[in-house]
Amino acid sequence: MEIDILGIDLAKRAFQLHGADRRGRALHRSKVMRADLLEAARTLHPRIIAMEACSSAHHWARRFQQLGIEVRLISPQYVIPFVKTNKNDRNDAEAIAEAAGRPTMRFFTVKSVEQQDMQAVHRVRELLVAQRTALINQARGLLGERGVTIAQSPEAFKRAVPQILGQCESQLRVRMHDAIPEQGRWLKAVVTGYFAYHAVPTNSRALGAFRHHVLNIWRRTLQRRSQKAGVTWAWMDKLAAAWLPPPRILHPWPTERFAVKHPRWEPSA
């Protein structure tokens, strides 16, 4: 018997097929792998192939159209009312085939490769704009804690950043010539603040890397100030032991914190 509508439940690997005649009676049910989907469609050669308009739907629609098969893409929200009993791949494919046979159903137009490329460009740009806005707002919030205010527009942020960096550079040049104990107290506050936020489980290596990076910058600063290469790592290790806190986890897992506060509680209980 000739299959009139073939409903396909799209996936990454295994695709569920449901074929029905003009009266809606089921004629074919099968599950095929991704590499065999085109061959199955060529063998069954239905009049219509229906799919949900989801990921990779337009790609498969173009491939099926090359085989001379009409393709109908349906919004997933229009397929949900036709799903019977439990939701699974087999029932979804049947619901897609049944929904595609409705005379009043609305379908999507299959997009060309050029149309999808243009849509991808717009989506990437929209994501980049959102990330830029989030980054600017985060920087404005952090600078606001230091009493530095910047207007909301990206143009104002671009104008203000060079001025802020110039002020920070002048302050760092002054701090570079401070006494070592004063520098040590300042760097201790910086490292302690970093650990207070990032000292979470599975982050030990990052904590140690940050501490080593701070120590390396301190060593280079002292070398530049003295104009000598006599600042050895052995001496810097002594300064680190005196001023920089060692990396350790300050925020353990919730179960461990609960066990500390309530010694009688056992996680396995």
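Which residues make the nonpolar surface patch of about 250 Å²? The answer is L172, W186 and V190. Keep in mind that this is a predicted model, where local features need pLDDT of at least 70, side-chain atom pairs count only at pLDDT 80 or more, and totals for chains, interfaces and linings use all residues. Residues are numbered from 1 along each chain as its sequence is written, and side-chain values use heavy atoms, leaving out hydrogens and water.

**The surface patch**
- Patch members have over 30% relative accessible area and no salt bridge (Lys or Arg side-chain nitrogen within 4 Å of an Asp or Glu carboxyl oxygen), and nonpolar side chains are joined within 5 Å.
- Areas come from the Shrake-Rupley method with a 1.4 Å probe, with only the protein chains shown as cover for residues.
- V190 sits in helix α7 (residues 180-198; a DSSP run of H or I, at least four residues).
- V190 counts as partly exposed because its relative accessibility is 35% (buried is under 20%, exposed over 50%, partly exposed in between).

**The cores**
- The largest nonpolar core (buried Ala, Val, Leu, Ile, Met, Phe, Trp, Tyr and Cys joined through side-chain atoms within 4.5 Å) has 21 residues.
- Another core lies apart from it, with 14 residues including L207 and V231.
- W60 touches L10, F15, R34, L37, L38 and M51 (heavy atoms within 4.5 Å), leaving aside residues up to four places away in sequence.

**Around β2**
- Six of the seven residues of β2 (strands are DSSP E runs of at least two) are buried, so the rest of the structure largely encloses this strand.
- β2 pairs antiparallel with β1 over five bridges and with β3 over seven (pairing takes at least two DSSP bridges).

Notes: Buried < 20%, exposed > 50% of the residue type's maximum accessible area, 1.4 Å probe, protein only. Patch = residues over 30% accessible without salt bridge, like charges linked within 9 Å, V, L, I, M, F, W, Y side chains within 5 Å.
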